[in-house]
Amino acid sequence: MQLQRKIDQLFIEQQRDWEQLRAGTEQLDHINVKEFNWGNELKVDIQFNPSRIESVSAKVDKSNIEKRPCFLCEKNRPKVQSGIPFLDKYIILLNPFPILRNHLTITLHSHVPQRIRKKTGDMLTLAELLPDYIVFYNGPKCGASAPDHFHLQAGLKSPILMAGENELRSCLVIESTSKSEVEERFEDVYQYLHSRQPEEEEPLFNLIAFVENNRYVLHIFPRKAHRPRQFYEEGKRQLLVSPGAIDMAGLIITVREEDFNKIRKEEIVDIYSQVSMPII
Ligand SMILES: [Zn+2]
């Protein structure tokens, strides 16, 4: 619990000193969420969160990324932002535009591309040290708004974020009391997904890791598209939804009130079917 306590303390200090974090946290307290159900078992929540507009609509192609200063590099971060070291190579930072309670960004010190393959052990170690949290990873074409700088994210657990497989989208579940077994089985899945998308530098997926009942759990959401067709539509047909791990789990973030109001069940089913890759 040591690390969780340090993070709680950091929240107290940073909310006192950092106006942007205070505002973001207060906004999350009053956020609008609506729920769609399919029978008793299956539900998706829609969150209306205008502060995420930049992240959801971020231009993450190579030329746009190269043009902007990297907001995860220390020299470009707000002076008031402080953090907690993790494994001598990361810093745990508080996200001023939260979608979850206690939303954290865990940033590698080095400016290296978003690739998880050799870092799932770090992700599981963090999940172990933060038993009240889920830790998540968005691939460079699956929701990461900084695909050029390796980072993980985390937030407090809630049932929808830990839901696992359902009929709307694929989710492969790896579960074990042994961290190294989870890593080995992830490597097998990685190789399989790589064989399905050999042209990609990293196969498309999102990950959610957590520890529950002393077991390491890793949810893998294989993807076949970065964004759904509706993202690129114009006028009334457009829905600005750009799914990352949290959306894939079942909490879809909308950044415009019109989208929050108009999104229907059929579109939710359609969006998942466009971005999730079926696994046979
Ligand atoms: Zn950077």
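**Close-up 1. The zinc ion and its donor residues.** In this predicted model, the zinc ion is held by C70 and C73 through their SG atoms and by H111 and H149 through their ND1 atoms, at 2.0 to 2.3 Å. Donors here are N, O and S atoms within 2.8 Å of the metal (3.2 Å for Na, K and Ca), and since water is not among the atoms, sites may look incomplete. The 4 donor atoms around the zinc ion subtend angles of 99 to 121°, so the arrangement is tetrahedral. For four donors, that label asks that all angles lie between 85 and 135 degrees; square planar (four donors) and octahedral (six) ask for opposite donors over 155 degrees apart and all others between 65 and 115, and anything else is irregular. Residues are numbered from 1 along each chain as its sequence is written, local features need pLDDT of at least 70, side-chain atom pairs count only at pLDDT 80 or more, and totals for chains, interfaces and linings use all residues.

**Close-up 2. C73 and H111 in the chain.** Along the sequence, the zinc donors follow the spacing C-x2-C-x37-H-x37-H. C73 sits in the loop between α4 (62–67) and β3 (84–86), and H111 in the loop between β5 (104–108) and α5 (120–129), so this pair ties together parts that are 38 residues apart in sequence. Helices (H or I, at least four residues) and strands (E, at least two) are DSSP runs, numbered from the N terminus. C73 is buried at 11% relative accessible area, whereas H111 is partly exposed at 40%. Buried means under 20% relative accessible area, exposed over 50%, and partly exposed in between (1.4 Å probe, protein chains only). Side-chain values use heavy atoms, with hydrogens and water left out.

**Close-up 3. The salt bridge of D45 and K43.** The side chains of D45 and K43 form a salt bridge, with 3.5 Å from N to O. A salt bridge is a side-chain nitrogen of Lys or Arg within 4 Å of a carboxyl oxygen of Asp or Glu, and by this rule the count comes to 22. D45 is buried, with a relative accessibility of 11%, while K43 is partly exposed at 30%.

**Close-up 4. The salt bridge of R115 and E201.** Here the side chains of R115 and E201 meet at 2.8 Å, N to O. This pair links distant parts of the chain, 86 residues apart: R115 lies in the loop between β5 and α5, and E201 in the loop between α6 (179–196) and β9 (205–212). R115 is partly exposed, with a relative accessible area of 24%, and E201 is exposed at 64%.

**Close-up 5. The salt bridge of E128 and K179.** E128 and K179 meet through their side chains in a salt bridge of 3.3 Å, N to O. The partners are 51 residues apart, with E128 in helix α5 and K179 in helix α6, and the pair links distant parts of the chain. Both are partly exposed: E128 at 38% relative accessibility and K179 at 22%. Elsewhere, R229, E233, R237 and D270 are joined into one network by salt bridges that share partners.

**Close-up 6. Positive phi at L87 and N213.** L87 is a residue other than glycine with a positive phi, near 55°. You will find L87 in the loop between β3 and β4 (90–94), where L87 is partly exposed at 39% relative accessible area. N213, also not a glycine, has a positive phi of about 50°. The place of N213 is the loop between β9 and β10 (215–222), and at 68% relative accessibility N213 counts as exposed.
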